Amino acid sequence: MAPRNRAAVVVLGDIGRSPRMQYHALSLARQGFLEVDIVAYGGSDPHTSLLENKSIHIHKVPQWPTVPQTFPKILRPLVLICKPIIQFLMLLWYLCIKIPAPDVFIVQNPPSVPTLVVVKWASWLRHSAFIVDWHNFGYTLLAMSLGRSSYFVAVYRWIEKHFGKMAHGSLCVTRAMQHELAQNWGIKTTVLYDQPPEFFRPSLLEERHDLFCRISKSLNQPYGLRDCISSGSAEPDSNYPITTPFTTQIDSDISLKENRPALIVSSTSWTPDEDFSMLLEAAVMYDRRVAALLHEDDSVGDETVWEEIHSGKGFAYPRLLFIITGKGPEKEKYEKILKKLSLKRVAFRTMWLSAEDYVLLLGSSDLGVCLHTSSSGLDLPMKVVDMFGCGLPVCAVSYSCIKELVETGKNGLLFSSSSELADELMMLFEGFPNRCDALQSMRTSLIERRSSSRWATEWEENAKPLIHRVISENSS
């Protein structure tokens, strides 16, 4: 069979929130010299590099409507049955009729049902190769809501394993997952570690200032009436201020403020597998511990502290501004909690940013926090990889295989409780911004590694040979 010089990337999810599959598409086009069809849900815009690449064609599949909370529980099993059937038929039509026949389908797992079934059928009908990219195990995610003893979970696991074994090739994200798939599932995989693409990098000072100016209204909008960031803001109503909480511009000269807050970013899906309460508790502990070290009792009001800060008085520990990005089901719940917090030196903001501004935010921040705990214990958080690409050290929740990514003291720190995270915040930010040696050492280490740790290199060495092999074997 003659090669078609075409690949299809299949994601039964929001392509804008599936960075690894976006990077696959870019590499298939740039390094594999293939035409690429992405079949996925819409929702969030992907990175502009995908939209501008003429070899990449995005086909948006209509989404299954969200089931309201008021939907009768007795009918929910019916939804669980009907949803994959409708998704199956819709996805099959796209893969078999809507897009040109590819040499290879590359499908993200999870979700497994109905994706793996549909892609297997489509690969058979269109005489194409079929590769699964294992990000996690779908049945473990389902078990979080239904329980591991559920009949639906058992059926889901059987489908995931049965059709996963039918693939012509497999990729996975960790050595631990590779071992699990080989030993207990009988599936041979190639490890393709997540790595940031070239557009993840530290932001220039001008880029930082421009970003902070563009999001100034969000920065100056507290959850309560005032907080340590909004208090003392020079131009809260300006559409494009020359002064931000972090930077000042005089004529054409831009500088960082000496008494600026430390900027901490965390990207979350606002789901139960990311315990946001751990971050809230750590923030409260930091606030109270700093007050105790400075011998401030309850009689010292918030306004007094804020006036001292904005008058230029220096402190051994900085204010902390946490910017939380992402969308998800528990966001509203935690925003209500944030409104009730009363903190002197800590503030929170939640935002949804474009893909380009998210990269700039990571490159402008001082620390990243990752609350991801894997449902299987075998996957790694892509958000940490992105942070590393921007030279941003990370404090991450510790679990079984996270040490494949986070090297304690070299590129980040691990924690298992809110108290440990508070300890790390105290240690890392003492003397900020000029005398926090541990933080600067990790940042320097990450920047030195940037050139050797890139997605294009990892993909060229591990994914490209596998893709070429399965295409060749399937066409012969």
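How many of the seven residues of strand E2 (residues 35-41) are buried? In this predicted model, six of the seven are buried, and the strand is thus described as mostly covered. The chain reaches E2 from strand E1 by way of helix H1 (residues 19-30), and this β-α-β crossover is right-handed. E1 and E2 run parallel and are joined by seven bridges. Within this pairing, Asp14 stands opposite Tyr41 of E2. On its other pairing, E2 meets strand E3 (residues 56-60), again in the parallel sense, over five bridges. Here Val39 stands opposite His59 of E3.

Strand E1 spans residues 6-14 and includes Gly13. Gly13 counts as buried because its relative accessibility is 15%, where buried means under 20%. Leaving aside residues up to four places away in sequence, Gly13 touches Ala40 and Tyr41. The C-alpha atoms of Gly13 and Ala40 are separated by 5.9 Å, although the two residues are 27 apart along the chain.

These strands belong to an open sheet of seven strands with parallel pairing, in the order E3-E2-E1-E4-E5-E6-E7. E3 and strand E7 (190-191) stand at the edges with a single partner strand each, so one side of each has no neighbour in the sheet. The partner of E7 is strand E6 (residues 169-172), and the two pair in the parallel sense over two bridges. In this pair, Cys172 stands opposite Val191 of E7.

Burial was also examined in a helix. Helix H13 (residues 355-364) is mostly covered, with eight of its 10 residues buried. Among the buried residues are Tyr358, Val359, Leu360, Leu361 and Leu362, and the list also includes Asp357, Gly363 and Ser364. The buried residues of H13 pack against two helices, H8 (205-214) and H14 (382-389), and against two strands, E10 (262-267) and E11 (320-325).

Charged side chains were considered next. Side chains of opposite charge can pair when their charged atoms come close. The whole structure contains 14 salt bridges. One of them joins Arg214 to Asp210, with the closest N and O atoms 3.0 Å apart. Both residues lie in helix H8, four residues apart, which is about one turn of the helix. Arg214 counts as partly exposed because its relative accessibility is 38%. Asp210, at 29% relative accessibility, is likewise partly exposed.

A second salt bridge is formed by Glu274 and Lys383, whose closest N and O atoms are 2.5 Å apart. Glu274 lies in the loop between E10 and helix H10 (276-293), and Lys383 lies in helix H14, so the pair ties together parts that are 109 residues apart in sequence. Glu274 is buried, with a relative accessible area of 4%. Lys383 is also buried, with a relative accessible area of 14%.

A third salt bridge brings together the side chains of Arg449 and Glu407, at 2.8 Å from N to O. Arg449 belongs to helix H16 (residues 437-449), whereas Glu407 is placed in the loop between strand E14 (394-397) and strand E15 (412-415), so this pair ties together parts that are 42 residues apart in sequence. Arg449 is partly exposed, with a relative accessible area of 28%. Glu407 counts as partly exposed as well, at 32% relative accessibility. Besides these pairs, Arg20, Asp133 and Asp194 are linked in a network of salt bridges.

The surface also carries a nonpolar patch. Its area is about 590 Å², and the residues that make it are Leu80, Ile81, Ile85, Ile86, Leu89, Leu146 and Phe152. Helix H3 (residues 76-98) gives the most to this patch, with five residues. Ile85, one of the patch residues, has its place in H3. Ile85 counts as partly exposed because its relative accessibility is 47%, and the partly exposed class runs between the cut-offs of 20% and 50%.

Note on methods. Residues are numbered from 1 along each chain as its sequence is written. This is a predicted model: local features need pLDDT of at least 70, side-chain atom pairs count only at pLDDT 80 or more; totals for chains, interfaces and linings use all residues. Side-chain values use heavy atoms; hydrogens and water are left out. Patches are made of residues with over 30% relative accessible area and no salt bridge: like charges are joined within 9 Å, nonpolar side chains (Val, Leu, Ile, Met, Phe, Trp, Tyr) within 5 Å. Accessible areas come from the Shrake-Rupley method with a 1.4 Å probe; for residues, only the protein chains shown count as cover. A salt bridge is a side-chain nitrogen of Lys or Arg within 4 Å of a carboxyl oxygen of Asp or Glu. Buried means under 20% relative accessible area, exposed over 50%, partly exposed in between (1.4 Å probe, protein chains only). Contact means heavy atoms within 4.5 Å. Two strands pair if DSSP finds at least two bridges between them. A crossover is right-handed if, with the strands pointing away from the viewer, the path from the first strand over the helix to the second runs clockwise.
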